[in-house]
Amino acid sequence: MNAAAYVLVALDIPSRALSDPFTYAVPSDLVDDAVPGCTVLVDFNHRPALGYVLALGGTPDALSRRTPEEPSRAGRARRGLDLRKIKPISAVLAGPACSDLFAEISFWMSREYVAPLSECLRLFLPPGGTPRLRRRDDGSYALERPAVPEAHERVVSLTPEGQDYVPPKTATRQRQLMEALACGPVTTRELNLLYTDLSAAIRSLAKKGVVRVDERRAWRGIDDATTLSSAKGTAPRQLTKGQQAALSAIDAAAQDGCGDVVLIDGVTGSGKTEVYLSAIERVLSRGRTACVLVPEISLTAQTVGRFRSRFGQAVAVFHSRLSAGERLDQWDMVRSGVARVVVGARSALFCPLRDLGLIVIDEEHEQSYKQGSSPRYHAREVAAQMARLGGFPLVLGSATPSAEALARCRQGSHLGQRWTRVEMPERPGSAKLPDIIVADLRREFSGGGRSVFSRPLREALLDVAERREKAVLLHNRRGFAPFLMCRDCGCVPTCKHCSTALTYHERTHTLECHTCGSVYHVRPYPAAGSACPKCGSRYLAKMGMGTQQVEDALVALLPDDVKVIRMDADSTRGKDAHKQLLEEFDAAECAVLLGTQMIAKGLDFPEVTLVGVVIADYALKMPDFRAQERAYDLLEQVAGRAGRGDNPGRVIIQTYLPNDPVIQAVAKHDRALFVEHDSRQRREALYPPYVRLTNVLVWGRNEAAARSYASELARITARNLEMLPQMPSSGMSPLLMGPTSCVIERAKDNFRFHFIIKSPVGLDVSSAISSALSEVGAKPGINVSVDVDAYDMM
């Protein structure tokens, strides 16, 4: 066969052993269709396989030059190929459906995060499930489409001949139809809402040639109407000095065209969203597109409302709570160009935006931007790579920027990319930062206080009820009690499948595992039937406190006309539950919104004058070097929900550790008190941002086999690290610790072991781990995950 061209094809086979693309020839009859991004049928190992075209070239050598992110090993192998042995692609099954940067970013992610190339590519594919091949009756193959059908709608419009048509006086339905169409085409759905069923009138006038009925593509998931008063994006008359400075920095980065990063470090309520909106207006005016990431689904309705009030229906929404059909339609809106702005969670980063001109990551410090399954990417790092390749700005916004972002801004650059920090220290108009009161629970206890609420918080809540205002109450523990414990033998019920304590839920009288989801029915003391699973004692008591228990205490404390709304993972399981609860809070005359960390950020309710933190100490003492940073972020963010309107705000933080640097920094609105203390600890202990942290996890049902595999993998990885080119300027060599059992030793009946690598920033630690995995090979029953830039060490 004489090849008209050659293509690089990534096989849709999720295996680390197949993380390099393969070269295939393109027959002359397929050369027009075999373009980058299309789906092809190829022969691999004498079997049909799906693949995705990454690059097209006249020769195999040209393919190597067009994929700068490709591993050098594959490039060297390709240059030595015998052209006679290169197989042709069998068919082109589907056209391109990916963003412009899909190939380069997929290569980079596969190498950076030690993940199969196919897993990285699938992030860019249309939603609807993993693509599959289907064999037709004639022996040929076709791409199995998602089971979700496309939505369509019927549009009724007047024909040129029907402009002067006058229905008979007795034809009431026809007259109604003509009145509705006088202003332009109308969908049958809209007609039915106006006049009930007009189908008979439509058929009659269509036969006469008066009206025409056309069918067009409809978009599910586009109707995100909300009654939230904060879901408005009206442009202010004048921007603050901080907002103007931020926009100037973004404009400068756009003009440079080098993919610079701009960090907007603005206090809560300083108007960062308005900066995003103004920057996107300028991007759209240049004919380009924009992507906006938000960390919580609870923020989506409010954020989308603001963006749609400014940009209309050119805004697509993308997050996990959409149905399969809605996700597919939103994707198609972006691909077809109907939507030019995408708002959503981290997965929105991979939507097929063409000519991307700006990426915004709001609340960039949030841990939810880190993917928990392979490929374990961080949205901030992927977005930075996209900006670098595309030559457009990346904007990060936060009132509590991450340690990594602040460190890169201090250095001025990171991996050749310029990082600039812009401060926004003031709130627009007359709004001021709230006063912070620290309630010392030690004094409350010594004074005989046994209530959920300290005296200052109790009085403040009653004051809010009397003045008919609103309050937000944070308690970052869902359920009724964190755990049950036997008062006789000290037994704490744990999951049968995981080594984690079970959380008690009062409403359902169940113990639930928040690791694997197992549920156990139980009756704790003093209910009849209460029994310890170990000794049989009936004194199996509730220990600690969850949001359900705080809710009961609030209902008992406040008058009946004060609405108490609980918002946590249990109360927001249904679709649109976040939006409905926030709308209920917004519409209430006087209410208290109680919730976990999902209420701590991004929400804008000017009527909120009080924020209370039930107990601030849970997060401070977690066995994690990021615990204090997370605690500071959470407290500072939730404190910012108060005083965003004309009335001043108050924040009351209940704690047993009033002198902790985190508590003091929040209380005095002085981040430096925390940052200096935290930076010193991280530098001395070698933690990010001063080093790069990688966690390699091994698990399996056979404990001995999993431990043995982890030890062998760690040994070879350590050897490979020693062979890497060292970085004397960093002042350190790579450090491998472990392997050892994980903090959660067993999860879902699997025994878990891990080892941690601390390496200089910029060292190619991923290649050392990838080579070790190839050398050790796969073992039946053993699973491995590599988490580069790890956040979860449990």
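This short talk walks through helix H9 and its surroundings, then some strand pairing, the salt bridges, and two places on the far side of the sequence.

Before I begin, please keep in mind that what we have here is a predicted model, and I will describe it as such throughout.

Let me start with helix H9, for which the 14 residues, at 1.5 Å a residue, should span 20 Å, and the end C-alpha atoms are indeed 20 Å apart, so expectation and model agree. The helix is mostly covered, with 11 of its 14 residues buried, and among these are Lys-272, Glu-274, Tyr-276, Ile-280 and Leu-284. Just after H9 comes Gly-287, which takes a positive phi of about 80 degrees.

On the other side of the helix, in the loop that connects strand S11 (261-266) to H9 (272-285), we find Thr-268. Is Thr-268 buried or exposed? Its relative accessible area is 5%, and because the cut-off for buried is under 20%, Thr-268 counts as buried. If we set aside the neighbours within four places in sequence, the residues in contact with Thr-268 are Ala-399, Arg-427, Leu-433, Glu-636, Gln-637, Gly-640, Arg-641 and Arg-644.

Now to the salt bridges, of which the structure holds 45. As a reminder, side chains of opposite charge can pair when their charged atoms come close. One of these pairs involves H9 itself: the side chains of Arg-282 and Asp-251 meet at 2.2 Å, N to O, and the pair links distant parts of the chain, with Arg-282 in helix H9 and Asp-251 in helix H8 (residues 241-256), 31 residues apart. Arg-282 counts as partly exposed at 33% relative accessibility, and Asp-251 also counts as partly exposed, at 21%.

Helix H8 also contributes Asp-256, which forms a salt bridge with Arg-418, the closest N and O atoms being 2.4 Å apart. Here the link runs from helix H8 to strand S18 (residues 417-424), across 162 residues. Asp-256 is partly exposed, with a relative accessible area of 40%, and Arg-418 is likewise partly exposed at 40%.

A third pair brings us back to strand S11, where the side chain of Asp-265 meets that of Arg-671 in a salt bridge at 2.7 Å, N to O. This pair joins strand S11 to helix H20 (residues 671-685), with the two positions 406 residues apart in sequence numbering, and both Asp-265 and Arg-671 are buried. There is also a network, in which salt bridges that share partners join Arg-217, Asp-329, Asp-332 and Arg-335.

Turning to the strands, which strands does S8 (residues 152-158) pair with? S8 runs antiparallel to strand S10 (residues 211-217), to which 7 bridges join it, and Arg-154 has Glu-215 in S10 as its bridge partner. S8 is also antiparallel to strand S9 (residues 186-187), here with 2 bridges, and the partner of Val-156 in S9 is Val-186.

I will finish with two further places. On the surface, Phe-445, Tyr-656 and Leu-657 form a nonpolar patch with about 280 Å² of accessible area together; Phe-445 belongs to helix H14 (residues 441-446), and is partly exposed with a relative accessible area of 48%. Gln-664, in helix H19 (residues 661-667), touches Pro-658, Asn-659 and Leu-673, not counting residues up to four places away in sequence. Gln-664 and Arg-340 are 324 residues apart in sequence, and their C-alpha atoms are 44 Å apart in space.

Technical notes: Residues are numbered from 1 along each chain as its sequence is written. This is a predicted model: local features need pLDDT of at least 70, side-chain atom pairs count only at pLDDT 80 or more; totals for chains, interfaces and linings use all residues. Side-chain values use heavy atoms; hydrogens and water are left out. Helices (H or I, at least four residues) and strands (E, at least two) are DSSP runs, numbered from the N terminus. Buried means under 20% relative accessible area, exposed over 50%, partly exposed in between (1.4 Å probe, protein chains only). Contact means heavy atoms within 4.5 Å. Patches are made of residues with over 30% relative accessible area and no salt bridge: like charges are joined within 9 Å, nonpolar side chains (Val, Leu, Ile, Met, Phe, Trp, Tyr) within 5 Å. Accessible areas come from the Shrake-Rupley method with a 1.4 Å probe; for residues, only the protein chains shown count as cover. A salt bridge is a side-chain nitrogen of Lys or Arg within 4 Å of a carboxyl oxygen of Asp or Glu. The expected span of a helix is 1.5 Å times one less than its number of residues. Two strands pair if DSSP finds at least two bridges between them.
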